[in-house]
Amino acid sequence: MDQPTATELSDDFETSCETVSGAKRNQTVDLRRVHCDPDFWYPVAWSRELKRGKTIGVRYAGQPIALIRPEEGNVFALEDRCAHRQVPLSKGRVQGQSVQCCYHGWAYGRSGRCIDVPYLGKGKLPNGVRTFPVIEQDGLIFVFPGDPEKARTVQLPATLARVDDPAYKTRRFGQEVGCHYSFMHENLMDMNHQFMHMKQMGQMRPRFLGQKREPGLVEARYSFARTGGKQPLGEALIFGERRDASAKHQDRDVMTIRTTYPYQTLHIQTGDEAPVMDLWIAYTPQDKDQLTNRTFGLLSVKRPGIPGLLDLAWPFLIAFTERIFAEDREIVELEQQAWKDLGGDHNLEVFPVINNLRALLAECGVPADTSKTDTPTACAGSTSCRTAEQPVATASRPAEAADASAPAGKPAPSTAAGSTPARQRAAGTGEKTATSAPKAAAAPPKRKRHRSRKPQKENSVTPSVS
Ligand code: FES
Ligand SMILES: [Fe+2]
């Protein structure tokens, strides 16, 4: 007997007519104009991209950020504009626990405070730049672009995917994608789009098993039945066995996809067994309008019984997942282009779980006209906010002594005031350091209206795929 389609089984699909008209009615807010809430931790780079004694430039929603890894101690993050003439600090050089601008040599400590101007007396030092709290975990560097005071209470999951579990092998992947982050969330959660992947995966029929909606969370569960075509090798590697279209393989595995704002996870499980696949993924907005994102994914695959088999087959699995990602990327960028061409969101979404997801993203995000991302909370550190002679008086800037006294090669206890002493892992070493990252549940974000800052230039980051 034919399996019902996903939409036939959706628990509230009977109200589909209402859903369709409701979806149109509810589009008073254009989701593509909703910005990410900056009061969360966002990945901005892979740990391996930032070598010791180096600095790189990254972006969060148009905000340029310099990541600095001293020879000793943890990574710190500063606004990537020298207070003098706005040259990127990421073009400078790392000296002890500071970064020195490449142009006139102004130096900034971990707190962002200017600690040296080579041609000025120590008593006349000008202001510094904004600093961002940083956490380094599981091979990723996260920054907290919002209110640094909130960084202490907003959590990251203890472990991303299964990176710590030797029973799994983890792939780190991602690149810049030319679309609003909401398209990425919708694409991953809507398994009806297996239709598009037919060439890669054969004919698969998704069956929608149910959904969950909680504050800050939407979850969808599916099973799958193969209706034709051969199982691709990459998929067989994930499941550890070859599967055909016979009844014994139908709907055995349950795929659970969850958006826990602002992140997304997907895992596949058979019965009570450990998941065969566990994905954690985040989409960090890049440009000021948030119409591009940089995707950071950790894909953990359970090792099959034969030792070394997964390592041998890894290149095939990478190629398989790359092909799938390429198809997804092309389609979401086409969706984004249509939004631009039409001047807004004309989606006619009929799948209730996706409408719930859209509502969640709209609720948790920040309408573009009230976005908090443009106004640095710590702007008291910027020269545009005070004169050179005015003292620094802001919670996000520690005492001057914190920078001045931090000896080269000796890490400050945290990246900056407002940052969080956190679970840190050095790039590629597996080394973990102090771990006191707050693990409190993330409360639904509160919206605030901020003055907008001058427009910022866009920049791109290097795609990183392994
Ligand atoms: S522009 Fe940075 S020191 Fe002059
Ligand atoms: Fe897809």
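**Notebook: strands, a covered helix and the core**

I began with the hairpin region, where strand E18 (residues 263–270) pairs with E19 in the antiparallel sense over 5 bridges. The model I am reading is a predicted one, and I keep that in mind throughout these entries.

Within that pairing I looked up Gln264, whose bridge partner in E19 is Ile281. E18 and E19 make a hairpin with 6 residues between them, and in the turn I noted Gly271, which has a positive phi of about 60°.

I then followed E19 to its other pairing, and found that it joins strand E20 (residues 293–302) in the antiparallel sense over 9 bridges. Here Trp280 stands opposite Leu298 in E20.

How many residues of strand E19 are buried? For E19 (residues 277–285) I get 9 of 9, so to speak of the strand as mostly covered is to follow the definition of a buried residue, with 20 or more other C-beta atoms within 10 Å of its own. Taking the two faces separately, I find Met277, Leu279, Ile281, Tyr283 and Pro285 buried on one side, while Asp278, Trp280, Ala282 and Thr284 are buried on the other.

**The open sheet**

Next I turned to an open sheet of 3 strands, which run in the order E2-E12-E11 with antiparallel pairing. Strand E2 (42–46) and strand E11 (134–137) are at the edges with a single partner strand each, and therefore one side of each has no neighbour in the sheet. From one strand to the next the twist averages 30°.

Between E2 and strand E12 (residues 140–143) I counted on 4 bridges in the antiparallel sense, and the partner of Trp46 in E12 is Leu140.

I stayed with Leu140, a residue of strand E12. Is Leu140 buried or exposed? It counts as buried because it has 26 C-beta neighbours inside 10 Å. Setting aside neighbours within four places in sequence, I list Pro43, Trp46, Ser47 and Phe296 as the contacts of Leu140. I also checked Leu160, which is 20 residues from Leu140 in sequence, and the C-alpha to C-alpha separation is 9.8 Å.

**Met204 and helix H3**

My next entry concerns Met204, which lies in strand E15 (residues 203–214). Met204 counts as buried because 20 C-beta neighbours fall inside 10 Å. Apart from neighbours within four places in sequence, Met204 is in contact with Gln194, Phe224 and Arg226. Ala225 is 21 residues away from Met204 along the chain, yet the two C-alpha atoms are separated by 5.7 Å.

I then looked at helix H3 (residues 181–189), which is mostly covered, with 9 of its 9 residues buried. Among them are polar and charged names such as Ser182, His185, Glu186 and Asn187, alongside Phe183, Met184 and Leu188.

**The chain as a whole**

Finally I stepped back to the protein chain, whose secondary structure comes to 8 helices and 21 strands. Of its 466 residues, 43% are buried. Where contacts join residues at least 6 apart in sequence, 67% of them link residues at least 24 apart.

The largest nonpolar core has 88 residues, and those with the most contacts inside it are Leu67, Ala77 and Val143. This core takes at least three residues from domain 1 (6–35 + 157–369) and at least three from domain 2 (46–147 + 375–404).

Terms used. Residues are numbered from 1 along each chain as its sequence is written. Chains are lettered from A and ligands numbered from 1 in the order in which they are written. This is a predicted model: local features need pLDDT of at least 70, side-chain atom pairs count only at pLDDT 80 or more; totals for chains, interfaces and linings use all residues. Two strands pair if DSSP finds at least two bridges between them. Axes are lines fitted to C-alpha atoms, for helices over the stretch in contact, and angles run from 0 to 180 degrees between N-to-C directions. A residue is buried if 20 or more other C-beta atoms lie within 10 Å of its own, exposed if 12 or fewer, and partly exposed in between; C-beta atoms are placed from the backbone. Two residues are in contact if their C-beta atoms, placed from the backbone, lie within 7 Å. A nonpolar core is a set of buried Ala, Val, Leu, Ile, Met, Phe, Trp, Tyr and Cys residues joined through C-beta atoms within 7 Å. Domain bounds come from an automatic or database domain assignment.
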